[in-house]
Amino acid sequence: MSVDESALTASQPLTSAWRRSRIGAFLSQPVSWVFLSVGSIIAFLSLYPTFFLFYGSLTDAPLGLPGKFTLQNYVRAYSDPEAYPLMVNSFIFGFGSAGLSLLFALTLAWITIRTNAPLRRLFELTAIIPNILPPILVSISWVMLLNPSNGLINGAFVRVLGLEKGPFNIYSMAGLIFVEALILTPLAFLIVAAAMKSMDPSLEESAKTLGSNEFGVMRRITFPLLRPAILAAGTLNFVRAVESFDTPAIIALPARIEVFTTKIWREALGSFPTNHNLAAAYGVGILGIALVFVYLYRRFTSQVESFSTVTGKGFRPHQIDLGRWRFAASGVAFLLLVMLVVLPILVLLLVAILPYYHVPTWQTWQNLTLDHFRYVWATPRVHKAFMNSLFLALVGATACMVLASLASYITVRTKIAGRGIIEGLVFIPWAFPGTAMALGLLWAYVDFPIPVYATVWIILIAYVTRFLPYGLRAVTSTIIQVHKELEEASIVCGAGFLATFRRVMIPMMRPGVMAGWIILVTIFMREFSATLFLYSPGAEPLGPLLYFLYLDGMRGRVAAIGLVISLISVILIAIAQRYSRWDTN
Amino acid sequence: MRSKYSFYGSLVILAIFTAVPGWGQSAKTIEAGKKEGKVVIYGSLESDTTDAIKTAFTKKTGIEAEYWRASATKVMDRALSEQRAGKPLFDIILTNDNPMQIMFKQGLFAKYESPTASDFPKDAIDPNLGPRYRNVIIGVVYNKSALSPADTPKTLEDLVNPKYRGKIVMPDPTQHTTTTQWVASLWKLMGKEKAEKYIRDLAAMKPILVESLLPAAERVATGETPIAITYVKYAYMYGKKGAPLDYSRLGKFMGDGHYLGLNSKAPHMNAGKAFIDYFLDDDSMKKMAELGEFVNRKGVYPPLPDADKIQFVEMVDLDTKGFAAKKKEYQQIFLR
């Protein structure tokens with residue numbers, strides 16, 4: 001017996017025991033290692049900033065300095081009489097904009113999917129175009145249209161009707177709600193339209209056969225069927241509104257309407273001396289609200305199939321013949337699209353060629369200029385911001401989709417014990433408002449051994465963490481549709497986990513991965529709420545640049561940059577579509 | 001004949017060296033700065049003005065300059081945050097007196113005596129911060145198209161006339177440090193009792209509150225709001241672009257100094273010094289004056305009408321606690 005053989009024999013009982021143990025069996029599979037790696041990364045991304053947000057709110061020293069435990073920040077934040085109007089304002093803003101966006105989305109979805117209105121397909125496609133426009137630009141363009149003194153629409157009313165002053169005031173709660181609702185409409189439209197498309201028409205047909213008229217069918221059948229999707233879209237948009245800083249930064253701050261995000265901005269960045277601890281205490285408050293509503297959202301979505309899932313059922317919803325009213329329906333859809341897309345883009349185009357923003361007169365047409373585009377072309381700060389945003393969009397979206405693909409595969413396709421933990425961990429970033437997460441990240445990385453603070457990497461971490469659920473949703477909806485037989489066949493043929501994942505799952509998941517990637521790229525190109533808190537002047541992406549140029553009154557430059565961002569987003573989408581064979585229909 | 005030429009030659013050489021004071025020192029600094037590659041500046045000086053200076057600086061020295069502009073408040077907050085985190089990324093800070101003094105007290109600046117600093121009057125040299133290279137004058141700027149000449153405010157007191165309610169824009173005194181100082185200094189112009197009442201009356205006019213002085217001026221230029229409390233120089237700067245702006249000749253204005261400081265932990269120390277040398281130089285000062293700045297050079301004025309007649313009272317300086325107290329006080333007055 002050779003030495004080697006004896007060693008083998010001696011260790012045999014031990015090895016067998018190891019193999020018999022559950023941990024050994026678990027660790028012997030490559031998929032388990034993938035689960036552990038993905039789980040650890042997601043746990044770190046989700047929990048680390050959450051912990052530090054609480055830490056920041058419970059300490060008395062400024063960011064970057066060691067402090068003592070205190071509850072004073074919570075006492076100060078929530079015993080302040082001003083905290084209550086702030087909460088009331090946030091709820092009015094959240095419910096108002098979520099409700100109005102639902103109304104717009106339902107109207108548009110009903111006209112484009114359920115009626116025979118002319119040009120409905122075109123309206124359906126253009127309803128998602130606003131996604132390429134940074135929300136901050138939508139807010140800015142509506143300020144230029146509806147500000148009480150020289151808003152273009154107000155100006156037109158004054159001239160045509162001879163009024164003393166314009167009828168609209170964007171610097172009001174109504175203005176704030178209106179603009180946020182326009183920004184949120186595409187998201188509500190996607191959810192509601194998907195539910196409308198996948199509705200089983202046999203129920204409606206049965207009701208009609210039993211003598212119900214169109215209104216009765218809508219009230220008794222269509223609406224109850226859509227209710228979960230409506231509630232899901234409503235709660236999601238409520239959370240998105242409450243956590244957004246884009247519109248409040250442009251409208252609420254000058255209008256002196258205080259909501260959670262403006263208060264956080266005021267305390268953490270906007271004034272001197274700043275108080276990151278107090279801002280963190282407000283951040284915990286907004287996180288609490290978001291958690292409750294995201295929990296409700298998930299309950300509602302569990303009642304309706306995933307909004308981006310193709311159901312595979314071979315039916316088309318019953319189409320309502322509007323008769324002569326079909327042109328009126330097209331008119332309403334057109335009006336909504338004018339508000340969502342046409343007016344903001346036209347205003348940006350106009351402002352980008354004016355020497356300085358003003359209500360155009362006949363003389364204006366002689367003074368048109370391309371100076372703002374020249375500025376975009378010739379300014380290193382702008383080039384750097386574009387490069388930073390492109391880097392964040394391309395690298396961030398790719399990293400996010402890789403992580404989402406693996407996480408989605410584990411949660412949907414494997415029976416690994418503990419896979420539910422990943423789902424639970426992803427729930428945190430889904431609910432985490434951008435501003436609150438940014439505060440948590442600041443506290444988390446200010447003393448981190450790897451120098452991430454004040455670099456583009458901290459923004460990348462924020463994006464991947466915050467938007468991982470978006471990627472996950474896109475991939476999961478595709479994985480569900482890939483039949484298990486393909487994967488089993490690969491394993492039967494001797495391929496391991498990694499080979500199966502690479503050769504079978506990735507090609508099959510490609511449409512979902514690319515769809516998620518495209519959505520993330522457009523979001524990352526225009527992200528603002530979290531970026532504003534995390535960026536540093538050396539690593540400035542486009543969101544903060546646009547905001548600071550706007551604050552400096554350089555609206556022409558803002559418009560020119562905004563148009564270039566939109567163009568780049570369209571080009572990226574076109575390229576991705578070409579390579580993914582992804583069909584928007 | 002030859003001695004005559006040598007005499008004139010010597011004069012020319014002498015003239016070159018007097019025109020570029022400390023040239024030898026600057027040349028060495030520039031060479032070292034070139035090796036560092038670039039200088040990073042955070043400041044509240046307007047981007048268009050800084051762009052002109054940056055371009056000339058890079059042309060002259062070969063050193064690239066990166067500039068991040070924000071309000072004085074944001075510049076100070078950003079610089080202090082980076083210092084606290086132990087990761088300062090800037091070389092130069094360029095902003096108002098009060099924030100500069102606060103940053104100086106927190107040990108943000110290195111002592112650097114630029115050879116070009118000697119061109120400034122002695123009374124314009126701060127012992128901590130060096131030369132006060134320009135003054136910023138806060139006044140009342142209005143849109144001539146929106147107000148008839150008879151309707152324009154002539155004094156600060158005019159601003160609280162009910163006819164201007166909702167027609168005034170100003171930076172938020174609870175956020176913008178220079179405006180906090182301006183409000184806190186009004187007693188210097190009108191006495192304590194009158195100033196206290198005036199502040200409440202001004203808040204009652206429900207002015208639109210914006211981020212800083214520049215967006216206030218911009219709103220007047222666009223006609224969005226007829227009247228702004230802002231730097232008077234914007235009447236010239238926006239006027240150049242075609243905006244119909246003018247400013248009220250108030251008699252006495254309120255003003256502040258502007259300084260630049262070198263970060264004591266500057267990542268590009270020599271490039272920073274080279275920038276300061278150029279920035280305080282005659283060439284740069286003239287460029288700034290042409291662009292509308294009140295630089296601290298005798299007889300040099302911006303092309304703003306009646307600029308030479310402007311007299312101003314220095315605003316009070318506040319420390320961190322003072323700002324916190326005023327922020328709280330003005331929140332009660334302006335945000336309610």
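I will talk about chain B of this predicted model, taking its domains, its contact with chain A and then one helix.

Let me begin with the division of the chain, in which domain 1 of chain B covers 2-134 + 257-307 and domain 2 of chain B covers 136-255 + 309-334. The C-alpha centres of these two domains lie 29 Å apart, and the contact between them takes 20 residues from domain 1 and 22 residues from domain 2. On the domain 1 side, helix 4 (72-84) and helix 5 (97-105) are the elements that give two or more residues, with helix 5 giving the most, 5 residues. By class, that side of domain 1 has 8 nonpolar, 7 polar and 5 charged residues.

Turning to the other chain, 41 residues of chain B are in contact with 32 residues of chain A. Among the elements of chain B that each supply at least two residues to this side are strand 1 (38-43), helix 4 and helix 13 (320-334); by class, the side has 19 nonpolar, 12 polar and 10 charged residues.

Finally, helix 3 of chain B, residues 47-61, allows a small check: at 1.5 Å a residue its 15 residues should span 21 Å, and its end C-alpha atoms are 20 Å apart, which agrees. Which residues of this helix are buried? They are B:Ser47, B:Thr49, B:Thr50, B:Ile53, B:Lys54, B:Phe57 and B:Thr61, and, seen down the helix axis, the buried residues fall within an arc of 150°, so they line one face of the helix. On the other side of helix 3, B:Thr55 and B:Lys59 are exposed, and the helix is followed by B:Gly62, whose phi is positive, near 80°.

Methods
Residues are numbered from 1 along each chain as its sequence is written. Chains are lettered from A and ligands numbered from 1 in the order in which they are written. This is a predicted model: local features need pLDDT of at least 70, side-chain atom pairs count only at pLDDT 80 or more; totals for chains, interfaces and linings use all residues. Domain bounds come from an automatic or database domain assignment. Two residues are in contact if their C-beta atoms, placed from the backbone, lie within 7 Å. Helices (H or I, at least four residues) and strands (E, at least two) are DSSP runs, numbered from the N terminus. Ala, Val, Leu, Ile, Met, Phe, Trp, Tyr, Cys and Pro count as nonpolar, Asp, Glu, Lys and Arg as charged, and the others, Gly among them, as polar. The expected span of a helix is 1.5 Å times one less than its number of residues. A residue is buried if 20 or more other C-beta atoms lie within 10 Å of its own, exposed if 12 or fewer, and partly exposed in between; C-beta atoms are placed from the backbone. The arc is that of the directions from the helix axis to the C-beta atoms.
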